[in-house]
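This report describes a single protein chain for a reader at the bench. Please consult the sequence and the model shown here alongside the text.

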Amino acid sequence: MTVSDRAGTVAGVSQVSRVPLPDLVRLRQARDRMDRDYAQPLDVPALARTALMSPGHFSRSFRAAFGETPYGYLMTRRIERAKALLRRGDLSVTDVCMAVGCTSLGSFSSRFTQLVGETPSAYRARDHEPDAAVPACVAKVYTRPIRNGEAGGPTGP
């Protein structure tokens, strides 16, 4: 992200969307809350209160700043955590669903499949032992769910 013009705005990936610096600070606080409290019942009005914004302004600003909706970001965090719990293998898919803050097993399974490319049950059943030797910081990059609906690992330049 780059700082642009004297009005104190920050440009995202696109030069079209500009978010004022004070708003960006509050949006980061809301995003940090999602990272920290992903298993709690979070909705746009609650997150907007964290950012001291109206729900509509919060949603628009969040998308302009981070390139995705607050719900999409929160679900990505939840799916990342669900993948870690499923790799352990000692919890059922339903238990994992509830542990990461999802209340609907069907919605959780659909979103998991959309982001990961396989069902939670198939992911849980797969052998994850070869991944055990990979450092967590590297594994996080390669196991991060893809938010555009395509499954697979990160793509290089």
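Is arginine 77 buried or exposed? Arginine 77 is buried, because its relative accessible area is 8%, where buried means under 20% relative accessible area, exposed over 50% and partly exposed in between (1.4 Å probe, protein chains only). Arginine 77 lies in helix 4. Its C-alpha atom is 9.5 Å from that of arginine 36, although the two are 41 residues apart in sequence.

The structure is a predicted model, in which local features need pLDDT of at least 70 and side-chain atom pairs count only at pLDDT 80 or more, while totals for chains, interfaces and linings use all residues. Residues are numbered from 1 along each chain as its sequence is written, and side-chain values use heavy atoms, with hydrogens and water left out.

**Overall organisation and confidence**

The protein has eight helices and three strands, and its order along the sequence is β-β-β-α-α-α-α-α-α-α-α. Helices (H or I, at least four residues) and strands (E, at least two) are DSSP runs, numbered from the N terminus. Of the 157 residues, 35% count as buried. Among contacts between residues at least 6 apart in sequence, 51% join residues at least 24 apart; contact means heavy atoms within 4.5 Å.

The average pLDDT, the predictor's confidence in each residue from 0 to 100, is 82, and 71% of the residues score at least 70. Among the elements, strand 1 (residues 2-4) has the lowest mean pLDDT, 41, and helix 5 (residues 93-99) the highest, 97. The pLDDT is below 50 over residues 1-16, a stretch with 28 contacts in the model beyond near neighbours in sequence. Over residues 149-157 the pLDDT also stays under 50, and the model has ten contacts for them beyond four places in sequence. Where pLDDT is low, the predicted coordinates should not be read in detail.

**Helix 4 and its packing against helix 6**

Helix 4 (residues 70-88) has 19 residues, which at 1.5 Å a residue should span 27 Å; its end C-alpha atoms are 28 Å apart, which agrees. The expected span is 1.5 Å times one less than the number of residues. Helix 4 is mostly covered, with 14 of its 19 residues buried. Glycine 89 follows helix 4 and has a positive phi, near 85 degrees.

Helix 4 and helix 6 (residues 105-116) pack with their axes 10 Å apart, at an angle of about 90 degrees. The two helices are therefore roughly perpendicular to each other, a term for angles of 65 to 115 degrees. Axes are lines fitted to C-alpha atoms, for helices over the stretch in contact, and angles run from 0 to 180 degrees between N-to-C directions. Helix 4 contributes Gly72, Met75, Thr76, Ile79, Ala82, Lys83 and Leu86 to the contact, and helix 6 contributes Phe108, Arg111, Phe112, Leu115 and Val116.

**Helix 1 against helix 3**

The axes of helix 1 (residues 21-36) and helix 3 (residues 55-66) come within 10 Å and cross at roughly 90 degrees. That makes helix 1 roughly perpendicular to helix 3. In this contact, Asp23, Leu24, Leu27, Arg28, Ala30, Arg31 and Met34 of helix 1 meet His57, Phe58, Ser61, Phe62, Ala65 and Phe66 of helix 3.

The table gives the residue classes of both contacts. Ala, Val, Leu, Ile, Met, Phe, Trp, Tyr, Cys and Pro count as nonpolar, Asp, Glu, Lys and Arg as charged, and the others, Gly among them, as polar.

| Contact | Nonpolar | Polar | Charged |
|---|---|---|---|
| Helix 1 with helix 3 | eight residues | two residues | three residues |
| Helix 4 with helix 6 | eight residues | two residues | two residues |

**Two exposed residues**

Leucine 52 lies in the loop between helix 2 (44-50) and helix 3. Most residues other than glycine have a negative phi. Leucine 52 has a positive phi of about 55 degrees although it is not a glycine, and at 66% relative accessibility it counts as exposed.

Arginine 49 lies in helix 2 and is exposed, with a relative accessible area of 58%. The C-alpha atoms of arginine 49 and alanine 30 are separated by 8.6 Å, and the two residues are 19 apart along the chain.

Notes. Parallel < 35°, antiparallel > 145°, perpendicular 65-115°, else oblique.
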